[in-house]
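Trainee: I would like to take a close look at one part of this model, the space enclosed inside it. Could you walk me through it slowly?

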Amino acid sequence: AFGLYGPLLKKRFEKSVAKESNPFVFLNNALYEEGLFLYVAPHQKLKTPLELVFIQTDATVASSPKIDLFLGKESELTLLSSSIQKEKIEAWSNSAMHITLEEGSKLTHVNDTSGVKTGMSLQALRAELKKESMLKNFVFSASASPLRHDLQVFLTGENAKAELNGLHLTKEKGQAHTHILVQHAAPHTQSFQRYKAVVENRARAHFCGKIYVEKEAQKTDAYQLNNMLLLGKNAKGMSQPQLEIFADDVKASHGATCARPSAEELFYLRARGLSATDANEQLVKAFCKELIEDHVYAPLKKHFKGLIEEFLQKGR
């Protein structure tokens, strides 16, 4: 890749390092042994999704996947990525993905980390969206392992659009941490964030999301919402939605909810013959349904519904 696209990669690498503040991304740069560079030529629209599967089988080796993705002008790609760790290994993975979307390009990315069962997963995504480009990103996790997702999206071109969504199901002593920065640096840009978490037992969920609007980014439209459903007295959730706006012609909003199942809702379901366990499960399914139906790549909806069902069955 450096032989064929050396100037492009060097320029992108220098720009990303100058903005980076996450020490785990620097650690990935230092330790990665294998990298993947994906280039989609201008005006190419791939009809078949591209799938990346990261498999970790050795508990003694830290995995540091590094992916660089570049979409040329008016190109389109659907990318499916999943992480798998062999059962009963206490390994950790520290991945980094860098995305550049040129003018008019479109990327749909679905990230499934439900295969991480016992190890620790650290994932960073950095994306630059140029004029009229669009990024749709969805992340899903369902485990009792510590997970950390760090996303930074920079809308540098006019009319760029980003849709960031995620669903985390965590149980036992698991942890799910989401850190997001969406920076609007050009006029007429749009960003939408919707993240949900179901937290069981002694698990923890943390969401920290910031929308940053620069002075030049007039006519920005930005939206952020985080919802957490706590199951059990010891489950904990923390949400930190943030806005930092320097433009004066902006439409921006954020919100967060963190609550246990409503006694009235449970009574309504139990009055119709459901057990306490079944009533809780129906509430969880309804809580997740909106996100799955509205924001998931259509062919994967059945897959994620099955993972939600599996998560609930193991929690019985």
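Trainee: How many residues in the lining of the largest cavity are nonpolar, how many polar and how many charged?

Mentor: Happy to! This is a predicted model, where local features need pLDDT of at least 70 and side-chain atom pairs count only at pLDDT 80 or more, while totals for chains, interfaces and linings use all residues. Residues are numbered from 1 along each chain as its sequence is written, and side-chain values use heavy atoms, leaving out hydrogens and water.

Your lining divides into nine nonpolar residues, 10 polar ones and a single charged one. Here Ala, Val, Leu, Ile, Met, Phe, Trp, Tyr, Cys and Pro count as nonpolar, Asp, Glu, Lys and Arg as charged, and the others, Gly among them, as polar.

A cavity is a set of points on a 1 Å grid over the protein atoms alone where a 1.4 Å probe fits but cannot get out, and its lining residues have an atom within 4 Å of a point. Six cavities of 30 Å³ or more are counted by this rule. The largest has a volume of about 240 Å³, the space filled by probe spheres set on grid points joined across faces, edges and corners. Find Ser95, His109, Asn111, Gln123 and Ala124 in the structure: of the 20 lining residues, these lie nearest the centre of the largest cavity. Two or more lining residues come from each of strands S4 (76-85), S5 (92-101), S6 (106-115), S7, S8 and S9. Strands (E, at least two residues) and helices (H or I, at least four) are DSSP runs, numbered from the N terminus.

Now compare the second largest cavity, with a volume of about 170 Å³. Its lining has 13 residues, and Arg12, Ser16, Arg126, Glu128 and Phe154 lie nearest its centre. The elements giving two or more residues to this lining are H1, S5, S7 and S9, with H1 giving the most, four residues. By class, the lining of the second largest cavity holds three nonpolar, four polar and six charged residues.

Two loops beside these strands are worth a glance. Glu132 sits in the loop between S7 (120-129) and S8 (134-143), and it has a positive phi of about 60° although it is not a glycine. Asn159, in the loop between S9 (146-155) and S10 (161-170), also has a positive phi, near 65°. Glu132 is partly exposed at 42% relative accessible area, and Asn159 is partly exposed at 36%; buried means under 20%, exposed over 50%, and partly exposed in between (1.4 Å probe, protein chains only).

Methods:
On a 1 Å grid over the protein atoms alone, a cavity is a set of points where a 1.4 Å probe fits but cannot get out, and a pocket is an open set with protein on both sides within 12 Å along at least five of seven lines; lining residues have an atom within 4 Å of a point.
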